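User: Hello! I am new to this structure and would like a friendly walk through its aromatic rings. Could we take it one question at a time?

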Amino acid sequence: MNDFDLLVLGSGPGGQRAAIAAAKLGRRVAVVDRRDMLGGVCLNTGTIPSKTLREAVLYLTGLNQRELYGQSYRVKDEITVADLGLRTRHVIGREVDVVRSQLARNRVTVLQGTGRFLDPHAVGVTDGRERERKVTADRIVIATGTRPARPGTVEFDDRTVIDSDGIVDMDRIPETMVVVGAGVIGIEYASMFAALGTKVTVVERRERMLEFCDLEIVEALKYHLRDLAVTFRFRETVASVERVANGTITVLESGKRIPADTVMYSAGRQGMTDALGLEAAGLSADRRGRITVDRDYRTEVPHIYAVGDVIGFPALAATSMEQGRLAAHHACGEPVPGVHELQPIGIYTIPEISFVGRTEDDLTEAKVPFEVGVSRYRELARGQIIGDSYGMLKLLVSSEDRRLLGVHVFGTGATELVHIGQTVMGCGGTVDYLVNAVFNYPTLAESYKVAALDAMNKMRHIARLSE
């Protein structure tokens, strides 16, 4: 008889949900993770610290209130790393306590240390004193997450040349910064530091940033980042980074040289599988450390599952949680319906972006006829009250059956607002529901009704002309 019914490697969102779901089904469950990493990368160096940092930046700079009180308005003149770190450490501490409490309440055994496969059913757990304990399980879930990828050509010193994990340990707010990579993490941090007054240069080898987002929304974000003195260098590749006495010089292949106090690399993520001993379990990972799974999150070894960032896209905390829950149910022989195909994407830039469903480019390429309905926050009473004149909500509506095909939001509360559209779409609702619904006034949610009326009026106009 094995020690546990289910053993989970990693206690991030995916691993935590897998462990608790299996425990709720009455199974004997254990989680393996390092003492200082309970809650995983998400809680300790990724999602939670970065979003807490963002809130602290918004509050201390008074950025969102400047339309109300003038461009010189600030809550605090001299913002230090200590100011930002204080709130971040408090939130991480509270969240770690929540995770620990949830695991204990569900009688999940926490094995402190790092794990590696000894054979397909056995894992060696090494604690801080380098003692290895053998643990066996009927089913195993790999939820080890990712770490920032570090190009071999770059010499990181974790002080002037850093990756996204190094942000949490910075000793000062740089006056100038180069961000290499205009993906989600790179743009989120670029916007935060720009809000703090840092002169940021973003270097990206592609033609545009956030290619999976709606073009109009991305252009609006780019405009606002330029307003915060962010410089963009698209179709540029970094040749080298030179460390000099007072900082760095980033040399681009085009010959440009960009001086900065700090360089932050955001060059994608690497799956944390290299120390797992996958071959002992009959498994392998690709060059980015990712593990291939089927629709039930099962690997090529039937009793071993993998969830979260370690399996690749979409690599979001929200989707990882659902993957963990579904994998646990399947592993316990009690499958549940799969993840709904409508999954929202939230990007915590300043201002934030969120969307669900398809983009205009997607629909145009697929030759799907659609109409666009737009609402701008400046037209809403709530937008005027909070001083957000730039926000917008965009609905993509099917011209044939009036169903919602996509919802795209930019501005205050975007990551919350998107769920209204997600719910209407998930229930197969049409734009008519939004036209006829009553929303609280004054709210930003009212933007759904305004955008729905805009789309409806356009469709009505076409119908009249076609008569």
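Here are some questions and answers about this predicted model.

User: Which annotated domain does UniProt list, and where is it?

Analyst: The name comes from an unreviewed UniProt entry, which calls the feature "domain: FAD/NAD(P)-binding". In the model, that stretch of chain is 29% helix and 26% strand, with its end C-alpha atoms 17 Å apart. The record places the domain at residues 4-324.

User: How many aromatic pairs does a search of the whole structure find?

Analyst: The search finds 5 aromatic pairs. One of the pairs is formed by Tyr69 and Tyr73, with 5.1 Å from centre to centre and 40 degrees between the planes, a tilted arrangement. Tyr69 is exposed at 54% relative accessibility, and Tyr73 is partly exposed at 28%. To come back to the count asked for, the total is 5.

User: Why is the pair of Phe156 and Tyr265 edge-to-face?

Analyst: The ring centres lie 5.6 Å apart, which is within the 6.5 Å limit for a pair. Planes over 60 degrees apart count as edge-to-face. This pair qualifies because the angle between its planes is 65 degrees.

User: How many residues apart in sequence are the parts that this pair ties together?

Analyst: Phe156 sits in the loop between β7 (146-148) and β8 (161-163), while Tyr265 belongs to strand β15 (residues 262-265). The pair therefore links parts whose separation in sequence is 109 residues.

User: Is Phe156 buried or exposed, and which residue lies over its face?

Analyst: Buried means under 20% relative accessible area, so Phe156, at 15%, is buried. Its partner Tyr265 is buried too, at 6%. The residue over the face of Phe156, 4.4 Å from the ring centre, is Arg150.

Technical notes:
Residues are numbered from 1 along each chain as its sequence is written. This is a predicted model: local features need pLDDT of at least 70, side-chain atom pairs count only at pLDDT 80 or more; totals for chains, interfaces and linings use all residues. Side-chain values use heavy atoms; hydrogens and water are left out. UniProt positions are given in the numbering used here, feature names are shortened, and annotations may be inferred rather than shown by experiment. Helices (H or I, at least four residues) and strands (E, at least two) are DSSP runs, numbered from the N terminus. Rings of Phe, Tyr and Trp (its six-membered ring) pair if their centres lie within 6.5 Å; planes under 30 degrees apart count as stacked, over 60 as edge-to-face and the rest as tilted. Buried means under 20% relative accessible area, exposed over 50%, partly exposed in between (1.4 Å probe, protein chains only). A charge sits over a ring if NZ of Lys or CZ of Arg is within 6 Å of the ring centre and within 35 degrees of the ring normal.
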